[in-house]
Every structure is written in structure tokens, then in C-alpha cells.
Amino acid sequence: MAAALVAACLAAYLGVVSELRAQAPASQPQAGQTQAPQAPSGQNTDLPDAPTVQPAAETPEPPPIPKPEEKKPVERNPWTNQPVNQPAPGSEPAPAAENSAPPSMPPVKTVPPGSSPGKGQAAQEQLYTLVVHPTFVQLPVTVKDSNGRLVDGLLPTDFSVKENGTPQKLSFFSADPFALSVAIVLDLGMPDSAVQKVNQTFPALVGAFAPYDEVALYTYSSTVSDVSDFNAAGQKLTALLNEMKSERGHNNGVPVLSGPMTNGPVINGIPVGSQSTPVNTPPKEAHVLNDAILRAALDLSKRERTRRKIIFVISDGREYGSKASYGDVLKLLLSKEIQVKAVAVESAALPVYGKLERLHLPHEGYGNLLPKYVSATGGQPVYTELSRSAIEDIYAQAMSEARNQYTLGYTPARPKTPTTTAYRSIEVLVNRPGLKIYAKDGYYPAPAAR
């Protein structure tokens, strides 16, 4: 009975479920849900639907990292270093013109000969900076006390300079040593005894120069000879001077004009094979001091302006037979800022000879022209020495004084009254009593470089 009751309840429940399903519309599966698979025929499908499983949400991919924009190098003009016009982005570049002309070259500036630094200058320690203008005047000055010793420690305010009477404002001042460019001029026209005495002093002459100095060598008598060009004072100069020790000066004594050894065999005063009596004249002596200084000055004018230019003459000072005049040579020296220093030997070193040094005898030339050159160029008084040891001491003293001069510089101010001559006189004063000043008397402005 109980089994019949259960079967009746179950049949009633199944009937109600069938009626509800027949009344409900067919439902479509929602998006994102999976439709349950149909049961095969013959199986009971009245079981409640199992819960559907939602798939895991996919993680969104990160956006791509933008790459940095590559910047193309800017094309520049190789001559002016300015950027070349680039076409706008997206526009097509204009086609290049055929056979287009290359860019114009920048202007080329040239410098006067001798004003550019030579090779090896970079290795030399620069002790000063010298700014040179076209009208810049460089003025070496030596100051000594009453005992003839160099005076150190002076300041720019201790000096005053006048040009043609007009005060000048100093724009450059230096007490530092300068490198030297020295042209040694040896007189081989002196008597042989004087030449041999000078030859023995050559080792001391080489020792008077510093490693950064440069030296050239010239000799003269009736003509001028270039022995060597400018080189560092060292073994090469020593070798050249050693070779010159074999040079001989003029023989002392009166020239032989007659006698059996003059013209060979003679009969009744007439040489054999000749119809007339020969007339013998003594050879004319020539001492071309002007020509020798001129040759050295022309070569020195090509050297750097940052070097102190010195012509160092070892001679008795006689001048006769030169093609160049004293005035022409002096004008070149003063326009190229060249000093003349000299050692007077032989007769020029005698005290009495100084009274005759300014005499100019006809057909005999000048007795001693060295003091005029030295005084006009500011090279101090001529060193007059007779002994070998005194001459050797003078070499070191002369080069040390030339290297350690005060250097004044200025750009000339316009004079109050215009001058009609090219020569410009200079007066240097020191505002301290009891001091002796050595400087050049004036200068000739160098012509402008073309």
C-alpha cells in the first residue's frame, strides 16, 4: 500500500513538471555561457541543470613601448660650419643641380715673412705674451747704475717715453728674458795677430749662448761670406768655429813692390820678354763693414719678432769699400728693430784711438764706425778689450745684457704737430736719479705689408 502511494506521488510530480516545461518558452543560451550537451535518447533529462563555469578573463596585453625617434646628423658646410638647409618633413628634396659650383673658400690671410713661429717653438717655454699691432713699437731698454751694473726691479711706472716730443702710453712691459737671434760678424781683414787672438776665444763665444738662442755666422774682409744660417748654438757652431781657426788675417808690414822676387828675371830693369818697365801698385785694401752688417740685417729681418735680434761684430771697426752707405744700413736696422753690439779689438781698443774714431779721411774710409752703429741702435757702448781673457769675459756679459733688457711697447699717439720726415726720435726717461739708460735714438716705421 505504501509502495502504491509513493508511485502515485511520483507520477503526480512528473506530470506537473511536464506541464510547466510545455508552457515555458525555449530559452537561448546567454552569451558567455556554454550550452549543456543533450542527453542521449532513453536517458532521464528531468535532473536540474548543473551550474555553468565562467572562463577566466584574459589579461590584456600592455601597449607597445614607443621607440625613440632617430635623429639624423645635421649636415654642415665644411667651410663655414653652418647647417645646410634641410627639406621639410614629408617633402621631396629638390634635385641637385648638375655641375653645381663648390662652396666658396674662406679668405686666406698671410703674415709677413719672419712673423710666424718656426718649427720647434712649441717645445720652448713661453715666458711672456707679446701682442703685436701694425704700428706697435717694441723698445728694448738697458738700465745700469753708476758702477755699470744692471738695475733690476723697475716697474712700468718708473719709465716714461716720448716720441717726437709727444708722451706715449705704455701698452706692454716685460722684464722677462727674451730668446736671441744673433748674427756674428767676424772681421778677417784685421792683422793676422788680431785674427789669431780672436780665434782662440771661440769656445767662450759658444758658451755665451743659451739652448733656445739661434746663431748665424758671417765673415768679411774685401767681400762678405755667409758661413752658416741660423741654428741652435751647439755642436754645429762649435765645429764651424773650429774650422775657422785656420783662417789668416793680413800680413803685417809694408807690401813688397819691387825686387828680384817681384817680377822674375830682369835686364837693365826691364823684365825678360817685355818691352816696358812694369809699374807695381800696392793692392787696395777693402773693409766692407757696411756690407757685412747689411747682409746680416737682411737675414735677421726674416726672424720672428718675438726674438731679440742682435748683430754682434768682432772687428777693429774700419770701413772702406762698401757698396752700402752707413745711412742706408742704419735705416734698415732701425726699421727692423735690430741692435748692434760690438767688441773692438786691435787698434780700436786703444784709449787714444777713440778720439780718432769719427774721422773720415778721403779715400781711406772711416777709422772706426762701430760706435756710431752701437749708439744709434741702443746696443750700449762698444766693448774695447785687448787681452784674450778680457774678450772671453765680454762674450758672456754682452749676451746676458741683450737677453735681460727691459722691453717697453706702445702704439704711437698722434703727434700734436705733424712731421714731414719718416724718422721718429725716441726719448726714454727713468724716474730715479743716478741711473744710465741705453736705448735706440729713434726708428723708421716699417712699411705696411701688402
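**Exercise 1. Find where N164 sits in this predicted model, and decide whether it is buried, exposed or partly exposed.**

Solution. The loop between β2 (159–163) and β3 is the place of N164, in a model that is predicted. The next step is the backbone: phi of N164 is positive, at about 55°, although the residue is not a glycine. The last step is the accessibility, and since the relative value is 29%, N164 counts as partly exposed.

**Exercise 2. Carry the description on to G165 and T166, and say which residues T166 contacts beyond its sequence neighbours.**

Solution. Begin with G165, which shares its setting with no strand or helix but lies in the loop between β2 and β3. Its relative accessible area is 55%, and because exposed means over 50%, G165 is exposed. Then pass to T166, which belongs to strand β3 (residues 166–168). Here the relative accessibility is 10%, so T166 counts as buried. Finally, with the neighbours within four places in sequence left aside, the contacts of T166 are V161, R414, P415 and K416.

**Exercise 3. Determine how far the C-alpha atoms of N164 and G165 lie from those of T419 and E427, respectively.**

Solution. Take N164 and T419 to start with: they are 255 residues apart along the chain, and their C-alpha atoms are separated by 8.5 Å. T419 itself is found in the loop between β15 (406–410) and β16 (424–430), and with a relative accessible area of 39% it is partly exposed. For the second pair, G165 and E427, the separation along the chain is 262 residues, while the C-alpha atoms are 7.9 Å apart.

**Exercise 4. Describe the packing of α6 on α7 by angle, distance, handedness and contacting residues.**

Solution. Two packed helices are described by the angle between their axes and by the distance between those axes. For helix α6 (residues 289–300) and α7, the axes come within 10 Å and cross at roughly 20°. Angles under 35 degrees count as roughly parallel, and therefore α6 and α7 are roughly parallel to each other. In handedness, the crossing of α6 and α7 is left-handed. The contact is made by N290, I293, L294, A297 and L298 on the α6 side, which meet Y326, V329, L332 and L333 of α7. Sorted by character, the residues of this contact of α6 with α7 comprise eight nonpolar, one polar and no charged.

**Exercise 5. Repeat the analysis for α7 and α8, and state the handedness of their crossing.**

Solution. Helix α7 (residues 326–335) packs with helix α8 (residues 370–377) at an angle of about 30°, and the two axes are 11 Å apart. By the angle, therefore, α7 is roughly parallel to α8. As for the handedness, α7 passes α8 in a right-handed crossing. The α7 residues Y326, V329, L330, L333 and L334 meet K372, Y373, A376 and T377 in α8. In the contact of α7 with α8, the residues divide into seven nonpolar, one polar and one charged.

**Exercise 6. Examine Q380 and G207, and decide for each whether it is buried or exposed.**

Solution. Q380 lies in the loop between α8 and β14 (383–384). Its phi is near 70°, which is a positive value in a residue other than glycine. With a relative accessible area of 4%, Q380 is buried. G207, by contrast, has its place in helix α3 (residues 202–207) and, at a relative accessible area of 60%, is exposed. To complete the picture of G207, its C-alpha atom and that of A233, 26 residues apart along the chain, are separated by 8.4 Å.

**Exercise 7. Summarise the protein as a whole: which totals describe its secondary structure, its burial, its contacts and its surface?**

Solution. The secondary structure consists of nine helices and 18 strands. Of the 450 residues in the protein, 34% are buried. When contacts between residues at least 6 apart in sequence are considered, 78% of them join residues at least 24 apart. The accessible surface, lastly, amounts to about 29500 Å², and carbon and sulfur atoms account for 56% of it.

How values were computed
Residues are numbered from 1 along each chain as its sequence is written. This is a predicted model: local features need pLDDT of at least 70, side-chain atom pairs count only at pLDDT 80 or more; totals for chains, interfaces and linings use all residues. Side-chain values use heavy atoms; hydrogens and water are left out. Helices (H or I, at least four residues) and strands (E, at least two) are DSSP runs, numbered from the N terminus. Buried means under 20% relative accessible area, exposed over 50%, partly exposed in between (1.4 Å probe, protein chains only). Contact means heavy atoms within 4.5 Å. Accessible areas come from the Shrake-Rupley method with a 1.4 Å probe; for residues, only the protein chains shown count as cover. Axes are lines fitted to C-alpha atoms, for helices over the stretch in contact, and angles run from 0 to 180 degrees between N-to-C directions. Angles under 35 degrees count as roughly parallel, over 145 as roughly antiparallel, 65 to 115 as roughly perpendicular and the rest as oblique. A crossing is left-handed if the near helix is turned anticlockwise from the far one by less than a right angle, and right-handed if clockwise. Ala, Val, Leu, Ile, Met, Phe, Trp, Tyr, Cys and Pro count as nonpolar, Asp, Glu, Lys and Arg as charged, and the others, Gly among them, as polar.
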